[in-house]
Amino acid sequence: MADLDTMALALPQTTKEVSDDGRPAYRVHGKLYCCQRGRRPDAIDPDTGERMGDVLMFRVADQDVKELLLADDRGLYFTTQHFDGYPAVLIRIPQLQRLDRDELADLVAEAWLTRAQKRVAEAWLAEHSV
């Protein structure tokens, strides 16, 4: 989570909000691109039957990218009915350790790019030779 925080806050015009119970949400221009979800009835731990409180949501570019991540052989990413037709994937916080730093950085940057203003995104991409 510390790496996620550092990576997200390094992106231009990102702000971080923290809920009363300590869950972070990252926004650019007021638009949410990554957050830790609260315990919701649509995300149940298959082992315990309890609502999951350790779920991160990342925006993705479109449904094709979402399907690509959901098809990842490692089984890190998932979705729920709440996100049907919505360009976002979910991952449990303990699973972040299975991502290398570059993969996490790409996930965060791609989420940010979905919400950043076009001129800000283009400038960032040019600066990073992406």
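User: A polar contact is a pair of N or O atoms within 3.5 Å, and within protein one atom must be able to donate a hydrogen and the other to accept it. In this predicted model, with which side chain does the side chain of Arg 37 make a polar contact?

Analyst: Arg 37 lies in the loop between β3 (31–36) and β4 (55–59). Its contacts beyond four places in sequence include Arg 23, Asp 42, Thr 80 and His 82. The side-chain pair in question is 3.2 Å apart, which is within the 3.5 Å cut-off. The partner is the side chain of Asp 42.

User: Is Arg 37 buried or exposed?

Analyst: Among the residues that Arg 37 touches are Ala 43, Val 55, Met 57, Phe 83 and Leu 90. The relative accessible area of Arg 37 is 6%. Because buried means under 20%, this value places Arg 37 in a clear class: buried.

User: In what order do the strands of the open sheet lie?

Analyst: The sheet has 6 strands, and their pairing is antiparallel. At its edges are β1 (14–18) and β5 (77–78), each of which pairs on one side only. Between β5 and β6 (88–92) there are 2 bridges, while β4 and β6 pair over 5 bridges. The order is β1-β2-β3-β4-β6-β5.

User: Which residue of β6 is the bridge partner of Phe 58?

Analyst: β6 pairs with β4 in the antiparallel sense, and it is also joined to β5. On the β5 side, Phe 78 has Leu 90 as its bridge partner. For Phe 58, the bridge partner in β6 is Val 89.

User: How many of the residues of β6 are buried?

Analyst: β6 spans residues 88–92 and is mostly covered. One of its residues, Ile 91, is listed among those with the most contacts inside the largest nonpolar core. Of the 5 residues in β6, the number buried is 4.

User: Which element gives the most residues to the largest nonpolar core?

Analyst: This core has 28 residues, and those with the most contacts inside it include Tyr 33, Phe 58, Tyr 77, Val 108 and Trp 112. Elements that give two or more residues to the core include α1 (2–9), β2 (24–28), β3, β4 and β6. In general, nonpolar side chains tend to be buried together in soluble globular proteins. With 6 residues, the element that gives the most is α3.

User: How many residues are in the other core, the one that lies apart?

Analyst: Two of the contacts of Arg 37, Met 57 and Leu 90, appear in its contact list, and both belong to this other core. Ala 43 and Phe 83 are also among its members. Its residues number 10.

User: Why do the buried residues of α4 (118–127) line one face of the helix, and within what arc do they fall?

Analyst: The buried residues concerned are Val 120, Ala 121 and Trp 124. An α-helix has 3.6 residues a turn, so residues three or four places apart point the same way. Seen down the axis of α4, the buried residues line one face because they fall within an arc of 95 degrees.

User: Against which element do the buried residues of α4 pack?

Analyst: The face of α4 turned away from its buried side carries the exposed residues Lys 118, Arg 119 and Ala 126. Its buried residues, by contrast, pack against α3 (101–115).

User: What is the angle between the planes in the aromatic pair of Phe 83 and Tyr 86?

Analyst: The structure holds 2 aromatic pairs. In this one, Phe 83 is buried at 7% relative accessible area, whereas Tyr 86 is partly exposed at 32%. The ring centres are 5.8 Å apart and the pair is tilted, with an angle between the planes of 50 degrees.

User: Near what value is the phi of His 29?

Analyst: His 29 is found in the loop between β2 and β3 and is partly exposed, with a relative accessible area of 28%. Gln 13, in the loop between α1 and β1, has a positive phi near 60 degrees. His 29 likewise has a positive phi in a residue other than glycine, near 55 degrees.

Definitions and conventions: Residues are numbered from 1 along each chain as its sequence is written. This is a predicted model: local features need pLDDT of at least 70, side-chain atom pairs count only at pLDDT 80 or more; totals for chains, interfaces and linings use all residues. Side-chain values use heavy atoms; hydrogens and water are left out. Buried means under 20% relative accessible area, exposed over 50%, partly exposed in between (1.4 Å probe, protein chains only). Contact means heavy atoms within 4.5 Å. Two strands pair if DSSP finds at least two bridges between them. The arc is that of the directions from the helix axis to the C-beta atoms. Rings of Phe, Tyr and Trp (its six-membered ring) pair if their centres lie within 6.5 Å; planes under 30 degrees apart count as stacked, over 60 as edge-to-face and the rest as tilted. A nonpolar core is a set of buried Ala, Val, Leu, Ile, Met, Phe, Trp, Tyr and Cys residues joined through side-chain atoms within 4.5 Å.
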